[in-house]
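Let's take a look at the aromatic side chains in this one. Here is the model, followed by a short tour of the ring contacts.

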Amino acid sequence: MAMLPNPLPTLATDPTGRSLGLDLPAGRLIDTTTDGSWHEPLLWCADEPARPGDWSALLPARRTAGLHPVLIGSGGGHESRPEDWGLSPAMMSYAGDHDAEEVLAAFWEECAGDELDTAEEFPGLAPAAASGDDPDHMAAEVVGILTDQDSWLARARLALVPARRSADIPAALGWTGPLNHENDVARLCTVLRSWEDRFGIRVVALTFDQLVVSVASPPTTLAEAGAVAAEHFAFCPDNITQGSYSALDEYAAKAVLDQPVWSFWWD
């Protein structure tokens, strides 16, 4: 796998990012991992909470510098600083080396029998949804809602991460939020890539143990939502088994069908 050039070191001498075609607010570079300082910055993070319009202002960074925006939040009292998250990029493989259906089928086989009390095999990937909103436009709308003063992410800060695509952000950071479910988050990013292709998702927020994606083209029928719900269960069983849903069908109807936001939490 060819490594992407990391433009973040440029911000050490050019904190505004103007040489990269950006106009950044005050922020800092973060390279803290469980093994000490990484050999290059993992992300740039703003010092102050995101304001209306900040997300859209940072979107050009993807085209000009290969940097993808993401909200960094505290997640209800957990560690609020990425430095305290236990980032571990050395644990990550490359998302492109895995197959989404194989990854989900393996998770399903591991968890479904015990948690869903079923012997059924993984039903396979859900079909792609009909085209909906523009993914970047939907992401900006969702971020606006998430950073509203009454939202649980009202104090979230914007960050920039060097990655091939939005779906790769967690692995590029070495994020370990799903550690009790999967050590190598690149395998989960393989699934996120597939959701990008089929449903127009964007990774819009991360906390210590939560992942939030915007969904430009969510399922619009219960049958489609049920198929996606099976993928969600394999991806993050805690969403169903430790959530407020009595069954996968209820989760499909309430958390997947026509929903522009999918959220995942790992215990």
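Trp195 is buried, because its relative accessibility is 0% and the cut-off for buried is under 20%. Bear in mind that this is a predicted model. Phe235 is buried as well, at 1% relative accessible area.

These two residues pair up through their rings. The ring centres of Trp195 and Phe235 lie 4.8 Å apart with the planes at 50°, so this one goes down as tilted. Trp195 sits in helix H7 (residues 185-199) and Phe235 in helix H8 (residues 222-235), so the contact ties together parts that are 40 residues apart in sequence. Trp195 and Phe235 also belong to one aromatic cluster, along with Trp175, Phe199, Trp262, Phe264 and Trp266.

Then there's a tyrosine pair to look at. Tyr245 and Tyr251 meet edge-to-face, with 90° between the planes and 5.1 Å from centre to centre. As for exposure, Tyr251 is buried with a relative accessible area of 3%, whereas Tyr245 is partly exposed at 24%.

Here are both pairs in a table:

| Pair | Centre to centre | Angle between planes | Class |
|---|---|---|---|
| Trp195 and Phe235 | 4.8 Å | 50° | tilted |
| Tyr245 and Tyr251 | 5.1 Å | 90° | edge-to-face |

How many aromatic pairs does the count come to? It comes to 11 aromatic pairs, including the two in the table.

One more ring contact involves a charge: the charged end of Arg187 sits over the ring of Phe107, at 5.1 Å from the ring centre.

How values were computed
Residues numbered from 1 in each chain as written. Predicted model: local features only at pLDDT ≥ 70, side-chain atom pairs only at ≥ 80, totals over all residues. Heavy atoms only, no water. Phe/Tyr/Trp six-rings, centres within 6.5 Å; stacked < 30°, edge-to-face > 60°. Helix = DSSP H or I, 4+ residues; strand = E, 2+ residues; numbered from the N terminus. Buried < 20%, exposed > 50% of the residue type's maximum accessible area, 1.4 Å probe, protein only. Lys NZ or Arg CZ within 6 Å of the ring centre and 35° of its normal.
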